[in-house]
Amino acid sequence: MNISSDKLGLSSTAMLDVLNVKCDPTMIGSLTKEPGIYLAYHMSKAHWLTIALDGTASDQTIKMLLDMSFRLTAK
């Protein structure tokens with residue numbers, strides 16, 4: 001989705017492409033210290049993260065989080 005950067009606590013109001021992913025709650029605190037990873041926008045901050053798709057989060061991190069999200073939401 002495309003949101004205003006200030007919705008993630010950033011000082012800019014520029015529009016930013018983001019992706020929400022479900023995450024193991026025990027990993028949320030450490031992952032939000034990584035560049036481009038934020039507490040979820042418009043989702044439960046206890047179980048979801050928002051990833052900025054502007055190049056700040058590494059491809060490796062994004063792939064790992066997508067895989068985890070798939071496993072956590074798969075039936």
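This is a short guided tour of a predicted model, with a suggestion at each stop for what to select next.

**Stop 1: the sheet**

Start with the strands shown as a cartoon. You should find 4 strands in an open sheet, and reading across it the order is β1-β2-β4-β3, with antiparallel pairing. Now select residues 2-4, which are β1, and residues 37-39, which are β3. These two strands stand at the edges with a single partner strand each, so one side of each has no neighbour in the sheet. Turn the view a little and compare the directions of neighbouring strands: on average they are turned by 45 degrees against each other, direction ignored.

**Stop 2: strand β4 and its two partners**

Next, select residues 48-52, strand β4. On one side, β4 pairs with β3 in the antiparallel sense over 3 bridges. To see that pairing residue by residue, show Tyr38, which stands opposite Thr50 in β4, and then Leu39, whose bridge partner in β4 is Leu49.

With β2, β4 pairs in the antiparallel sense over 5 bridges. A good pair to highlight here is Val18 and Ala52, since Val18 stands opposite Ala52 in β4.

How many of the 5 residues of β4 are buried? The count is 4, so β4 is largely enclosed by the rest of the structure.

**Stop 3: Thr50**

Stay in β4 and select Thr50. Is Thr50 buried or exposed? Its relative accessible area is 0%, and a residue counts as buried under 20%, so Thr50 is buried. Show the side chain of Asn20 as well: a polar contact of 2.5 Å joins it to the side chain of Thr50.

If you now display the surroundings of Thr50, leaving aside neighbours within four places in sequence, its contacts include Leu8, Val18, Leu19 and Asn20. Also among them are Gly36, Ile37, Tyr38, Leu39, Ala40 and Tyr41.

**Stop 4: helix α2 on the sheet**

Select residues 59-73 to bring up helix α2, which packs on the sheet. It touches β2 (15-22), β3 and β4, and its direction makes about 45 degrees with that of β2. The helix has 15 residues and reaches 21 Å from its first C-alpha to its last, close to the 21 Å expected at 1.5 Å a residue.

Which residues of α2 are buried? Colour Thr61, Ile62, Leu65, Met68 and Ser69 to see them. They cover an arc of only 130 degrees around the axis, which puts them on the same side of α2. A general point helps here: an α-helix has 3.6 residues a turn, so residues three or four places apart point the same way. To see what covers these buried residues, show β2, α1 (28-31), β3 and β4, which are included in the cover.

Now give a second colour to Asp59, Gln60, Lys63, Phe70 and Arg71, which are exposed on the other side of α2.

**Stop 5: two residues of α2**

Zoom in on Thr61, which lies in helix α2. Thr61 is buried, with a relative accessible area of 17%. Add Ser58 to the view: the side chains of Thr61 and Ser58 make a polar contact at 2.8 Å.

Then move along helix α2 to Arg71. Arg71 is exposed, its relative accessible area being 54%. For a sense of scale, draw a distance from Arg71 to Asn20, the residue you met beside Thr50: their C-alpha atoms are separated by 14 Å, with the two positions 51 residues apart along the chain.

**Stop 6: the loop between β3 and β4**

Finish in the loop between β3 and β4, where you can select Lys45. Lys45 is partly exposed, with a relative accessible area of 45%. A polar atom of its side chain lies 2.7 Å from the backbone oxygen of Ala40. Leaving aside neighbours within four places in sequence, Lys45 is in contact with Ile28, Leu39 and Ala40. Lys45 and Ile28 are 17 residues apart in sequence, and their C-alpha atoms are 8.5 Å apart in space.

The last selection is His42, placed in that loop between β3 and β4. His42 is exposed, with a relative accessible area of 67%. Check its backbone too: phi is near 65 degrees, a positive value in a residue other than glycine.

Notes:
Residues are numbered from 1 along each chain as its sequence is written. This is a predicted model: local features need pLDDT of at least 70, side-chain atom pairs count only at pLDDT 80 or more; totals for chains, interfaces and linings use all residues. Side-chain values use heavy atoms; hydrogens and water are left out. Two strands pair if DSSP finds at least two bridges between them. Axes are lines fitted to C-alpha atoms, for helices over the stretch in contact, and angles run from 0 to 180 degrees between N-to-C directions. Contact means heavy atoms within 4.5 Å. Buried means under 20% relative accessible area, exposed over 50%, partly exposed in between (1.4 Å probe, protein chains only). A polar contact is a pair of N or O atoms within 3.5 Å; within protein, one must be able to donate a hydrogen and the other to accept it, and residues adjacent in sequence count only if both atoms are side-chain atoms. The expected span of a helix is 1.5 Å times one less than its number of residues. The arc is that of the directions from the helix axis to the C-beta atoms.
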